[in-house]
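Please open the model in your viewer and keep the sequence panel beside it, since this tour moves from one selection to the next.

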Amino acid sequence: MSILLYYSPGSGAQVPHVLLEEAVLDYELRRLDAREPPSGEQPLLHNIPSRRAPALVDGTEVVFETGAIILHILAKQEASYMMPAYGSPDGSPFLQWLFYLIT
């Protein structure tokens, strides 16, 4: 099953979308309308407390909040080259800029 990235305009799904593209991961984009209740097409979205995009479904795992989605993607082997190792000299600056960009 491919990864599903739920987005809505202006949501902050841009960075996760770029990472999925850059890592050449199998994914699908789906627009999320928070005003509608989760349907049969989006059964796992009831696990998102805010009911806002972005959200990512990876198999049976649901990840919400942009920072968590980004770290989830970067933990995948195909994308790991984009993130310095924790504890490396570049690790802390990477995290600082990541969190700066998503707030």
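Which residues does S2 touch, not counting residues up to four places away in sequence? The model is a predicted one, and if you select S2 in it, in the segment before strand 1 (3-7), you will find that S2 touches D26, Y27, E28 and V57. S2 itself is buried, with a relative accessible area of 14%.

From there, move to E28, one of the residues that S2 touches, and show its side chain together with that of R30. These two form a salt bridge in which the closest N and O atoms are 3.0 Å apart, and E28 is partly exposed, with a relative accessible area of 33%. The whole structure holds 2 salt bridges, so select K76 and D58 for another, where the N to O distance is 2.7 Å. This pair links distant parts of the chain, as K76 lies in the loop between helix 2 and helix 3 while D58 belongs to strand 3, 18 residues apart. D58 is buried, at a relative accessible area of 16%.

Next, select helix 2, which spans residues 66-74 and is mostly covered, 7 of its 9 residues being buried. Colour T66, G67, I69, I70, H72, I73 and L74 to see the buried positions, and then bring in their surroundings, for the cover over them includes helix 1 (14-22), strand 3 (55-58), strand 4 (61-64) and helix 3 (91-102).

Keep helix 2 on screen and add helix 1. Two packed helices are described by the angle between their axes and the distance between the axes. Here the axes of helix 1 and helix 2 come within 9 Å and cross at roughly 10 degrees; an angle under 35 degrees counts as roughly parallel, and helix 1 and helix 2 are therefore roughly parallel to each other. To view the contact, show V15, P16, L19 and L20 from helix 1, which meet T66, I69, I70, I73 and L74 from helix 2. By class, this contact of helix 1 with helix 2 has 8 nonpolar residues, 1 polar residue and no charged ones.

Finally, turn to the rings, where the count comes to 1 aromatic pair. Select W97 and Y100, whose ring centres are 5.4 Å apart with planes at 85 degrees, so the pair is edge-to-face. Both lie in helix 3, where being 3 residues apart separates W97 and Y100 by about one helical turn. W97 is exposed, with a relative accessible area of 55%, and Y100 is exposed too, at 56%.

Key: Residues numbered from 1 in each chain as written. Predicted model: local features only at pLDDT ≥ 70, side-chain atom pairs only at ≥ 80, totals over all residues. Heavy atoms only, no water. Buried < 20%, exposed > 50% of the residue type's maximum accessible area, 1.4 Å probe, protein only. Helix = DSSP H or I, 4+ residues; strand = E, 2+ residues; numbered from the N terminus. Contact = heavy atoms within 4.5 Å. Phe/Tyr/Trp six-rings, centres within 6.5 Å; stacked < 30°, edge-to-face > 60°. Axes fitted to C-alpha atoms, helices over the stretch in contact; angles between N-to-C directions. Parallel < 35°, antiparallel > 145°, perpendicular 65-115°, else oblique. Nonpolar A, V, L, I, M, F, W, Y, C, P; charged D, E, K, R; others polar. Salt bridge = Lys/Arg side-chain N within 4 Å of Asp/Glu carboxyl O.
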